[in-house]
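Student: I would like to learn how to read a model like this one, feature by feature. Where should we start?

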Amino acid sequence: MTLKIAVDIDGVLADQVAAVLREIEREYGLIYSKSDVDRAHWTFEGREVWEEISRLLSDPEYVMQVPIIHGSQKAIKKLSHHDVFVVTARRPHTEEATRRWLSAHFPSLKGYYWARTGTKHNVPSDVLIDDLDINIVEFVKSDPDRHGILFQHPWSLNGTGIEDYRSQVSYCPEWESVVKAVETIDRSRQ
Ligand SMILES: [Mg+2]
C-alpha cells in the first residue's frame, strides 16, 4: 500500500549539525565533533547550539551549503512509490531557501509542511521520520496506528519516555535501516 511518510529535514535529510560545527570552528575557534552534541539543547561555552543553527539558517547562502545526510538521496528514491513529503520546524522565513535546497537535492519531495517541534503529529501522515524523540513520542501517542522512525544521532534521546512506545517506534542510525523499517511497516499493514 501507499504510506504517507513525513520526513524531517534537519538531522534526517540535512546534516545541519556538521554545518554548524564548521561555523563554530570558524567563528569561535572551538572544535567539537557530532558525538559532543549529546542532547537537543546542547550548549557550548554558554551558547545554545539551536540558537546558532537558527541564526545561520537566516542566511540563504548558508542554507544552500548545508550538506546532505549520507544515503538520504538514494533512500528517498527507493521510497518514491510512497507519498513522501517534508515536515520541518525551520522558521518560515527560511522556507524559500530551504525549498531551493530541497529541489536541488531531493526533486521528488514536493510537499512541505511547517510545524513547531513537538507538533508534527498535526500533519496527516502514517509514518514520521525524525531525529528528535519529542517529535516521535507526540506522533505515536496521537494515534496507535502511527509509526515513528527515530533517526538516531547522539542528540536524539532527551528523556521523553520514548521507550514506552516500543511497538510503534523503530530506531535507525542510518538511511538503509530506515528503508527496511518502512518496508516492515508496509508489510504489517497489508
Ligand atoms: Mg530534526
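Tutor: Start with the metal site, and keep in mind that this is a predicted model. The magnesium ion has the protein donors D8 (OD), D10 (O) and D131 (OD), which lie 2.0 to 2.2 Å from it.

Student: What spacing do the donors of the magnesium ion follow along the chain?

Tutor: The pattern is D-x1-D-x120-D. D8 sits in the loop between β1 (4-7) and α1 (16-28), and D131 sits in the loop between β6 (127-130) and α6 (133-141), so this pair ties together parts that are 123 residues apart in sequence.

Student: Which residue meets the side chain of D8 in a salt bridge?

Tutor: The general idea comes before the case. Side chains of opposite charge can pair when their charged atoms come close. Here the partner is K120, with an N to O distance of 3.0 Å. K120 belongs to the loop between β5 (112-114) and β6, while D8 is in the loop between β1 and α1, so the pair links parts 112 residues apart in sequence. D8 therefore appears twice in our reading: as a donor of the magnesium ion and, through the loops just named, as one end of a tie made by a salt bridge.

Student: How many salt bridges does a search of the whole structure find?

Tutor: The search gives 12. The count between domain 1 and domain 2 is 1.

Student: How is the chain divided into domain 1 and domain 2?

Tutor: The domain assignment gives 4-15 + 68-188 as domain 1 and 16-65 as domain 2. Their centres, taken over C-alpha atoms, are separated by 21 Å.

Student: How should I read the area buried between domain 1 and domain 2?

Tutor: Read the amount together with its composition. The buried area is about 1500 Å², and carbon and sulfur atoms give 60% of it. On the side of domain 1, D15, P154 and W155 lose the most area to domain 2, together 39% of what that side buries. In residue terms, 16 residues of domain 1 are in contact with 17 residues of domain 2.

Student: Which polar features go with that interface?

Tutor: D15 forms a salt bridge with K34, and the closest N and O atoms are 2.9 Å apart. Across the interface of domain 1 and domain 2 there are 10 residue pairs in polar contact. The side of domain 1 that touches domain 2 has 6 nonpolar, 5 polar and 5 charged residues.

How values were computed
Residues are numbered from 1 along each chain as its sequence is written. This is a predicted model: local features need pLDDT of at least 70, side-chain atom pairs count only at pLDDT 80 or more; totals for chains, interfaces and linings use all residues. Side-chain values use heavy atoms; hydrogens and water are left out. Domain bounds come from an automatic or database domain assignment. Contact means heavy atoms within 4.5 Å. Buried area is the accessible area (1.4 Å probe) that two parts lose on being put together, summed over both. A salt bridge is a side-chain nitrogen of Lys or Arg within 4 Å of a carboxyl oxygen of Asp or Glu. A polar contact is a pair of N or O atoms within 3.5 Å; within protein, one must be able to donate a hydrogen and the other to accept it, and residues adjacent in sequence count only if both atoms are side-chain atoms. Ala, Val, Leu, Ile, Met, Phe, Trp, Tyr, Cys and Pro count as nonpolar, Asp, Glu, Lys and Arg as charged, and the others, Gly among them, as polar. Donors are N, O and S atoms within 2.8 Å of the metal (3.2 Å for Na, K and Ca); water is not among the atoms, so sites may look incomplete. Helices (H or I, at least four residues) and strands (E, at least two) are DSSP runs, numbered from the N terminus.
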